[in-house]
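Biologist: Please take a close look at the largest pocket of this model, and set its lining against the helices and annotated domains around it. I would like the other enclosed spaces covered as well.

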Amino acid sequence: MDFSLTDDQKALAAAAADFASAELADHAAEWDATSHFPVDVIRRAGEAGFLGIYTPEEHGGLGLSRLEASLIFEQLSQGCISTTAYLTIHNMVTWMIASWGDDALRETWVPAMVAGEALGSYCLTEPGAGSDAASLRTKAVREGDEYVISGSKMFISGAGATEVLVVMARTGAPDSGAGGVSAIVVPADAAGVEYGKNEEKMGWKSQPTCLVSFDGVRVPVTNRLGQEGEGFKFAMKGLDGGRLNIASCSLGAAQQALTLSRDYMAERKQFGRELSSFQALQFKLADMASDLTAARLMVRHAAWRLDQGDPEAAAHCAMAKRFATDMGFNVCNEALQLHGGYGYIREYPLERLVRDTRVHQILEGTNEIMRLIVARRLLADGVIESLQ
């Protein structure tokens, strides 16, 4: 069993770290303070290859594994968590269109999305359907060769500043559950698409988050991904990878918090001694590093299982997401405590790390839902034994 990274994987991580240092880190605080969505920087991420990380090569992407995507997102998030989190969403939307769109739909959108010329948003959550996504009510009624879409989506990242939406809509009967949901690509400027205000959020301020309304929006049937009724399956496949992506952002945040804490403890003196000389604080740093290392191993193991097509990959992704996002928030919170009053002011990045990582425990499926996914699998015959 070899846990080492290949030279190519190390090079990918180094390239991501360089981009984070050059394009993200010095601006993250300003973007947070002004709620600025750095579209120009995101487009440069496309030039670097970071907008089509696991989109297949034949469609213009890098065709990398989910493990390699995790390495990249962990490094990028050390520059700006919020912006990197949007990059993960865009990557998922691009991959979905490339994977299940027909040739014409792919040709229309994927090259532009990989290049950063068109940005994407993922529309699943609704005002009345969050954790219970299968109960969504946005509907797409077929009229000839078109779908007419009506309804609304809530908490949509990038909405109002992106060019394409992947919308989960009910094409079946109102009581058709998950089997009545289809995935449909909608141009963001289509007639009948309207955007609410940019929500005032606790964190993730460098990306807009809006309500999106659909009032009789007409799109061709050919904009559907796959067959009718396959949308929820696609959404769940997208979320398996999305959970690893956001877990990877939590790894990067925790790594940054750990590094800042080590440096601060070496510089800061109290009672005539560096903080690093106090054993209680040494123990706290050791626990933070241990938790981060455990989470990193879980995320990379789950990514490997997803890459291998393991039948239990979804449960492993859920476990990794739950553990890594809880860990990420806790490590950032402990780092803020180590910094004392300085951690609480905006001159230092700790308070932003705490705010940005908090939502990771909620999105891509709340951590309570992650526990539910895992528990249901554990109750199946032989699954607990397979964890050994």
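Modeller: What follows starts with the largest pocket and then moves outward to the domains, the helix pairs and the remaining spaces. The model is predicted, and the description should be read with that in mind.

The largest pocket holds about 1300 Å³ of space. It is lined by 49 residues, and those closest to its centre are Thr125, Ile362, Leu363, Glu364 and Gly365. By class the lining divides into 27 nonpolar, 10 polar and 12 charged residues. Several elements of secondary structure take part: H5, strand S1 (120–123), strand S3 (146–157), helix H7 (231–267), H9, helix H10 (350–358) and H11 each supply at least two residues of this lining. The largest share is that of H7, with six residues.

The UniProt record gives three domain annotations, each from an unreviewed entry, that help to place these elements. The feature "domain: Acyl-CoA dehydrogenase/oxidase N-terminal" is put at residues 6–117. That span is 70% helix and 0% strand, and its end C-alpha atoms lie 32 Å apart. The feature "domain: Acyl-CoA oxidase/dehydrogenase middle" is put at residues 122–217. Here the composition is 0% helix and 47% strand, with 17 Å between the end C-alpha atoms. The feature "domain: Acyl-CoA dehydrogenase/oxidase C-terminal" covers residues 229–379. This span is 75% helix and 3% strand, and the distance between its end C-alpha atoms is 28 Å.

Two of the helices that contribute to the largest pocket, H5 and H7, also pack on each other. Their axes are 10 Å apart, at an angle of about 155°. An angle over 145 degrees counts as roughly antiparallel, and H5 is therefore roughly antiparallel to H7. The crossing of H5 with H7 is right-handed.

H5 has a further packing partner in H4. Helix H4 (residues 66–76) and helix H5 (residues 81–100) have axes 9 Å apart and meet at an angle of about 155°. H4 is therefore roughly antiparallel to H5. In this pair too, H4 passes H5 in a right-handed crossing.

H9, another contributor to the largest pocket, packs against H8. The axes of helix H8 (residues 279–307) and helix H9 (residues 313–338) come within 9 Å and cross at roughly 155°. H8 and H9 are therefore roughly antiparallel to each other. The contact of H8 with H9 comprises 19 nonpolar, two polar and four charged residues. The crossing of H8 with H9 is left-handed.

H8 leads on to the second largest pocket, where H8 gives the most to the lining, with seven residues. This pocket holds about 520 Å³ of space. Of its 17 lining residues, the closest to the centre are Asp2, Phe3, Arg300, His301 and Trp304. The lining is made up of six nonpolar, seven polar and four charged residues.

Besides the open pockets, there is one cavity of 30 Å³ or more. The largest cavity contains about 40 Å³ of space. Its lining consists of Glu312, Ala315, His316, Met319, Val374, Arg377, Leu378, Val383 and Leu387. By class these are six nonpolar, one polar and two charged residues. H9 and helix H11 (367–378) each supply at least two of the lining residues. Both H9 and H11 also supply at least two residues each to the lining of the largest pocket.

To return to the part you asked about: the largest pocket has Thr125 and the residues Ile362, Leu363, Glu364 and Gly365 closest to its centre. H7 provides the largest share of its lining, and H7 packs against H5 at about 155°.

Methods: Residues are numbered from 1 along each chain as its sequence is written. This is a predicted model: local features need pLDDT of at least 70, side-chain atom pairs count only at pLDDT 80 or more; totals for chains, interfaces and linings use all residues. Side-chain values use heavy atoms; hydrogens and water are left out. Axes are lines fitted to C-alpha atoms, for helices over the stretch in contact, and angles run from 0 to 180 degrees between N-to-C directions. Helices (H or I, at least four residues) and strands (E, at least two) are DSSP runs, numbered from the N terminus. Angles under 35 degrees count as roughly parallel, over 145 as roughly antiparallel, 65 to 115 as roughly perpendicular and the rest as oblique. A crossing is left-handed if the near helix is turned anticlockwise from the far one by less than a right angle, and right-handed if clockwise. Ala, Val, Leu, Ile, Met, Phe, Trp, Tyr, Cys and Pro count as nonpolar, Asp, Glu, Lys and Arg as charged, and the others, Gly among them, as polar. UniProt positions are given in the numbering used here, feature names are shortened, and annotations may be inferred rather than shown by experiment. On a 1 Å grid over the protein atoms alone, a cavity is a set of points where a 1.4 Å probe fits but cannot get out, and a pocket is an open set with protein on both sides within 12 Å along at least five of seven lines; lining residues have an atom within 4 Å of a point. Grid points are joined across faces, edges and corners, and a volume is the space filled by probe spheres set on the points.
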